Amino acid sequence: MARRRGPADPLNHCGLNVALYGRKRRWAMTERGRGTVQRGDAQLRIGPSALDWDGATLTIRIEEVTAPVPSRLRGVVRIRPAGINPRRFTLDAAGRHRWQPIAAVARAEVALESPGLCWSGPAYFDTNDGDAPLERDFVDWDWCRAPLREGAAILYNAQRRDGTRQSLALRVDGRGSVQEVAPPPPARLPRTRWGIGRPTGADAGHQPRVMRVLEDAPFYARSVIETHLLGEPALAVHESLSLDRFAALPVQMMLPFRIPRRWT
């Protein structure tokens, strides 16, 4: 998502976003310039942080400063995919935006020095890329991923600027292979405190409910929900994004407080 400055060199606006939830909540997303970015086929370095892929494990070395209250965020996250999904999905009619759930079933190992935390559990890794700002082509979108007994279920819905909708529902097996399935019936969760809608889908006869709010921002929400997908009860992570809110001038003026700029 480009800031209101307008079109820019993407490599001049890179950052590693780290969010911790729980008793030790932390947030870091520092925007850095092109001179701090190095990338190759198996490597991406952004300032002091780096991502390295060895063919089996993605190692993320975190060396960041939190915002808006500065503190150190340092440690290593290792993502071990059950399999790699090569399929990419086009999200808009013009083909300017793509989404790829690269490792929809994976394992994470987290070892943080600051704050001192460690754990392991299910993980997910995907990528979005595009040739235009999201707010130009979309009004809003929502996404949901639920681990299942074998694999996972993913929902991805987008309201396009041209008035059409994109609705994807995926079944992911234990090896990470992706299969499209019929989208479940629509369901709605309560709006956030900022009035952001939280549409989703669930098996017929089941009403999802919000269990925990992780992020509640003027244009974005992330929640843990209790739902029912592909015949199974599940706890899912749900996200919703309002691009009209994101593009609004007051929001653009607030972004630097959470996403500071550093040139080194």
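**Cysteines, cores and helix H3**

Modeller: Cys 118 is exposed (over 50% relative accessible area, 1.4 Å probe, protein chains only), with a relative accessible area of 64%. This is a predicted model, where local features need pLDDT of at least 70, side-chain atom pairs count only at pLDDT 80 or more, and totals for chains, interfaces and linings use all residues. Residues are numbered from 1 along each chain as its sequence is written, and side-chain values use heavy atoms, leaving out hydrogens and water.

Colleague: And Cys 14, buried or exposed?

Modeller: Cys 14 is buried, at 15% relative accessible area; buried means under 20%, and partly exposed lies in between.

Colleague: How many disulfides does the structure hold?

Modeller: Zero. A disulfide is a pair of cysteine sulfur atoms within 2.5 Å.

Colleague: New topic. How many residues has the largest nonpolar core?

Modeller: It has 25 residues, and Trp 99, Trp 141 and Trp 143 are among those with the most contacts inside it. Such a core is a set of buried Ala, Val, Leu, Ile, Met, Phe, Trp, Tyr and Cys residues joined through side-chain atoms within 4.5 Å.

Colleague: Which strand gives the most to this core?

Modeller: E13, with four residues. Helices (H or I, at least four residues) and strands (E, at least two) are DSSP runs, numbered from the N terminus.

Colleague: Which residues of helix H3 are buried?

Modeller: Val 251, Gln 252 and Leu 255. They cover an arc of only 100° around the axis, so they sit on the same side of H3; the arc is that of the directions from the helix axis to the C-beta atoms.

Colleague: What is on the other side of H3?

Modeller: Pro 250, Met 253 and Phe 257, which are exposed.
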